[in-house]
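Student: I would like a close look at a single part of this model. Please take one helix and work through it, then set it beside a few buried sites elsewhere.

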Amino acid sequence: MYGESSTVYRAGRPRRRRRWPRVVIVVVLAVVLLAAAAVSATYLWAGTRLQQTEALTDYPDRPAHGEGTNWLIIGSDTRADLTREEREELHVGGGGQRNTDTVMVLHYGAAGPYLVSIPRDSYVPIPGHGKGKVNSAYALGGAELLTRTVEEATGLRLDHYAEIDFLGFTHVVDALDGVRICLGEPLRDEKAGADLDAGCQTLDGKQALAFVRARYSDPEGDLGRVKRQRKLLSALVREGTGADVVADPFRFYPFLGSALDAVTVDRMDSVGSLTRMGWEIRGLTAGEGGTTTVPVANPGLSVPGVGSVVVWHPSGSRELFDQLRQDVPITATTVK
């Protein structure tokens, strides 16, 4: 007995295989399914919050569809929903008059994205009302008349419409805890309530609204203001779609909710089309496409009964809109 090996052999028991690869696969699949469920739930929730209006309608001799996609994006300065205290705080004055401080066309497709500002005082034909400032079309006939006015003046067929109001705009900015903007020089405008120093700074909702409305102290007037409007919109979309916001539900859902409460789109638009719009604007901040203003021949023509208006450059504006319609890179004007 002594001297025999003490090794005991256990026959018939296979070596246990490691199961961690299978566990990893199960965990990954669970995460993917949960993420998909969260995205679907968010999409459905957002759809119930989306506000829609009748904006894009057919009419005789409406411009034909061109290449690419066109959005009309406006900032409504409707004051009817603001209290007297809110109007004073935001330096907007007035009462229930409906106008638009911001009018922009976003184009994307094979070329772009391009964000083109239409000065609010642009002197254009308003169907059924003679010639007037483009922003007065909204006051005369709401979104339907404004979109038709822009289509007939530019020759572009609009595919989508988005509108954001004063108070809603400030709430969106505040939901992000402000938007960072860099200024090359101070911006002071008593009428708009702007009192901003030079340099990089984070603007709250009230300051951001003053930033995009200031024009009386700007040497370029409304042409300078539209540049700031494009700059602020791009910054707002960039920060709202940043990883630090999207990955944080305590920041993302308040931002998304305030944005949906502030924005009104055409009845045919959806959360999906609105998301695509934001994605294309974000592309501008990554150096894609460019931004510009409709070429102007006279920025301050005085018209009896209308006031000071902006007159487009005939050949320059025509070339710009032709290039947008053809969905080719813009060369008609300086693109920044």
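**A buried arginine, then a helix and its partner**

Tutor: Start with R230, which lies in helix α6, residues 222-240. The model is a predicted one. R230 is buried: its relative accessible area is 6%, and the cut-off for buried is under 20%. Its side chain is not without a polar partner. A polar contact of 2.8 Å links it to the side chain of T293. T293 also appears among the residues in contact with R230, once neighbours within four places in sequence are set aside. The others on that list are M104, L115, S117, T291 and T292.

Now the helix itself: α8, residues 249-262. Check its length. It has 14 residues, and at 1.5 Å a residue they should span 20 Å. The end C-alpha atoms sit 19 Å apart, so the computed span agrees with the expected one. Look next at the start of α8. There, a side-chain oxygen of D248 comes to within 3.0 Å of the backbone nitrogen of F250.

Which residues of α8 are buried? They are F252, F255, L256, G257, S258, A259, L260 and A262. Some spacing is useful here. An α-helix has 3.6 residues a turn, so residues three or four places apart point the same way. Keep that in mind for the partner helix.

That partner is α4, residues 166-175. The axes of α4 and α8 come within 8 Å and cross at roughly 170°. The cut-off for roughly antiparallel is over 145 degrees, so α4 is roughly antiparallel to α8. From α8, the contact uses P254, F255, S258, A259 and A262. From α4, it uses G168, F169, H171, V172 and A175. By class, this contact has seven nonpolar residues, three polar ones and no charged ones. F255, S258, A259 and A262 are on the buried list of α8, and they are also part of the contact with α4.

One more buried site, for comparison. T147 is in helix α3, residues 136-154. T147 is buried, with a relative accessible area of 2%. Leaving out residues up to four places away in sequence, T147 touches A55, L56, L72, L158 and Y161. Take L72 from that list. T147 and L72 are 75 residues apart in sequence, yet their C-alpha atoms are 7.4 Å apart in space.

Last, the whole chain. It has ten helices and 15 strands. Of its 336 residues, 46% are buried. Among contacts between residues at least 6 apart in sequence, 67% join residues at least 24 apart.

How values were computed:
Residues numbered from 1 in each chain as written. Predicted model: local features only at pLDDT ≥ 70, side-chain atom pairs only at ≥ 80, totals over all residues. Heavy atoms only, no water. Helix = DSSP H or I, 4+ residues; strand = E, 2+ residues; numbered from the N terminus. Expected span 1.5 Å × (residues − 1). Buried < 20%, exposed > 50% of the residue type's maximum accessible area, 1.4 Å probe, protein only. Polar contact = N/O pair within 3.5 Å; in protein donor to acceptor, adjacent residues only side chain to side chain. Axes fitted to C-alpha atoms, helices over the stretch in contact; angles between N-to-C directions. Parallel < 35°, antiparallel > 145°, perpendicular 65-115°, else oblique. Contact = heavy atoms within 4.5 Å. Nonpolar A, V, L, I, M, F, W, Y, C, P; charged D, E, K, R; others polar.
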